Amino acid sequence: MHVHFLDPYRPRTSPIHALDARIKFVLTAAFILTVSLTPVAAWSVYILLFALILSVEILSGLGIGYVLKRALLALPFVLAALPVIFTLKGTALFTISLGSWTLTASLEGLERFVSVVLKSWLSVQAAIVMASSTPFPELLQAMRAVGIPRLLVGMFGLMWRYLFVLVDEALRLMRARAARSGQSAGAGKRLALSGAEGSGGSVAWRARVAGGMAGNLFLRAFERSDRIYVAMLSRGYDGEVRTLPLVPLTSRGWLTLAAGLFLLLLLLLFGILFWG
Amino acid sequence: MLYSPVPMHIPDGFLSTLVAVVLWVVSAIAVAYALRRVGKDLGERQVPLMGVLAAAIFAGQMLNFSVTGGTSGHLVGAALATILLGPWAAVIVLTSVVSIQALIFQDGGLLALGANLFNMALVGVTVSYFVYTSLQKLARGRSWGIFAGGFAAAWLSVVVASLACALELAISGTSPANISVPAMGGIHMLIGIGEGLITVGALAFLYAARRDLFRVGEATPKGGAAVWTFGLGIAILLAVLSPLASAHPDGLEWVAEQKGFLDIARGPLYEIIPDYTFPGISNTALATIVAGILGTLLVFGVALAVAFIRRKRPTT
């Protein structure tokens, strides 16, 4: 198993890592909800929220660089919001001429755009901190605690367990394809010239190769799930996902949770009262 | 590199809170129902089968093939899962995939997860099921129905899911409808071809290797009615929302008004048909909605009739 790079968990000894996963889960969700509810252009609130998540990042010992670099992941989606600068009515800011097209940027549009980008950036940081500071089994417990159906949590757990196995299998399939030179257009053409494949080398041929791999992967997973099921049965599985009872939260945990929620509520009220 | 083969996972911040919460509720109800249905069909096999297949779909999304100049085709898997597992199990498998992508890999937001589940797990699967079974019935059990149905289901599921995504962004005021709908739709019409080709390739492999698997998807006569109702609901929702979203005064129209080429710049997809309004209703948005609903019902009626005729034939 060499695909551990998939697992975002970074073990550290920090107060954030030590925090109960349930508290982290709820506070992360509350943070993202707060960010979402904060009015457009409430810059002071954005700065305060950024300060909050930044201090959590420093406390967690994950390294700000690590979190910020991962946070770039959501960036490409910004393109979808870009047109809003030019399409929202309001005070005209500047005009760009593109041939016969004239685009006029409005202040309101720019504010909306920058707000969307900031909101997305803040939210993704919170999600990264949670995923990087909490081992997956603890996240599963947190999900169970907030009332996500036990069966679904059980499936998430099994999916996580076999994710690495199947990603490994997918990587092996891809390596085998590369070894057979079934990957690039050039190789396919050579095959076609030598007459090994009648219409080989076209995009459709490459797609069929990839499709065959997908079908292969699916079939292996299907048969593997049969074996897993039988193995589970022989160990007494009866369709019920049994887990240890959750430990009750400590009073310090409750305090952290309440303080965090209160702080977020204050920030939200601040934003809504002054900018809403 | 592994993440987001298709730019369809909405991150947090791009949806208004109302849209995100409403879609969360819709998705939660649908997933809970699907969970019950699958539990009835599969019993205790449910957890291992669904969990491992979700992992397979996740890993399968890594498989790509080069198209041209650095771009590549990918698999999303909604159609493949629907064809092989039936609609309810496919909803559960895709729910697991999309949730883990959001939770662990920040591929799509947490508050936006409801919307992403709606687009990929619910809309994607419903469209796939609807298209695949319809073509299957037209083909009357001949093998081309599997492949043509597979391609059409894969292509259309990607395109319709992207349209739903664009509409959600438009309703949230993040992206103007008359830009985001054609742009998202256009990009995904190309991406969908890759999805369709891979799906056909996978189906061809499985058809040769394990033909018996194809009966799994068909053996859902009981769930049929509910899926059709749900599909109809989604189609009507889209029909209602698209005119509303574009009746919104912002968008290209403002630029167009300034330049005075309003009639050229107005080009969302559904306005391709001129006079697509209903006579006797003065409010254009309302008239378009009514026309949209009637059109949807008509399409479903025809599809149902075809399905009904085809179902009757083998028994007589």
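**Chain B, its contact with chain A, and a helix pair in chain A**

Of the 316 residues of chain B, 56% count as buried. The model described here is a predicted one. Chain B contains 12 helices and 2 strands, and along the sequence these elements follow the pattern α-α-β-β-α-α-α-α-α-α-α-α-α-α. Two helices thus precede the pair of strands in that pattern, and helices follow the strands. When contacts in chain B between residues at least 6 apart in sequence are considered, 73% of them join residues at least 24 apart.

We can turn next to the nonpolar interior. The largest nonpolar core has 163 residues, and the residues with the most contacts inside this core are B:Ala55, B:Val91, B:Val93 and B:Leu94. Helix α6 of chain B, spanning residues 143-171, provides the largest share of the core, with 19 residues. Chain A takes part as well: at least three residues of the core come from each of domain 1 (9-147 + 246-275) and domain 2 (158-234) of chain A. The surroundings of B:Leu94 give a local view of the core. Setting aside neighbours within four places in sequence, B:Leu94 is in contact with B:Ala78, B:Ala81, B:Met120, B:Ala121, B:Gly124 and B:Val125.

The two chains also meet across an interface, in which 78 residues of chain A are in contact with 73 residues of chain B. On the side of chain A that touches chain B, at least two residues are supplied by each of α2 (21-37), α5 (78-81), α6 (84-87), β2 (101-106), α7 (107-133), α9 and α11 (203-234) of chain A. Helix α11(A) gives the most to this side, with 23 residues. Sorted by class, the side of chain A that touches chain B has 55 nonpolar, 15 polar and 8 charged residues.

Helix α9 of chain A, one of the elements listed at the interface, also packs within its own chain. The axes of helix α8 (residues 136-145) of chain A and helix α9 (residues 150-179) of chain A come within 10 Å and cross at roughly 170°. Angles over 145 degrees count as roughly antiparallel, so α8(A) is roughly antiparallel to α9(A). Residues A:Phe136, A:Leu140, A:Met143 and A:Arg144 of α8(A) meet A:Arg150, A:Val153, A:Phe156, A:Gly157 and A:Trp160 of α9(A). The residues of this helix contact divide into 6 nonpolar, 1 polar and 2 charged.

Conventions
Residues are numbered from 1 along each chain as its sequence is written. Chains are lettered from A and ligands numbered from 1 in the order in which they are written. This is a predicted model: local features need pLDDT of at least 70, side-chain atom pairs count only at pLDDT 80 or more; totals for chains, interfaces and linings use all residues. Axes are lines fitted to C-alpha atoms, for helices over the stretch in contact, and angles run from 0 to 180 degrees between N-to-C directions. Helices (H or I, at least four residues) and strands (E, at least two) are DSSP runs, numbered from the N terminus. Angles under 35 degrees count as roughly parallel, over 145 as roughly antiparallel, 65 to 115 as roughly perpendicular and the rest as oblique. Two residues are in contact if their C-beta atoms, placed from the backbone, lie within 7 Å. Ala, Val, Leu, Ile, Met, Phe, Trp, Tyr, Cys and Pro count as nonpolar, Asp, Glu, Lys and Arg as charged, and the others, Gly among them, as polar. A nonpolar core is a set of buried Ala, Val, Leu, Ile, Met, Phe, Trp, Tyr and Cys residues joined through C-beta atoms within 7 Å. A residue is buried if 20 or more other C-beta atoms lie within 10 Å of its own, exposed if 12 or fewer, and partly exposed in between; C-beta atoms are placed from the backbone. Domain bounds come from an automatic or database domain assignment.
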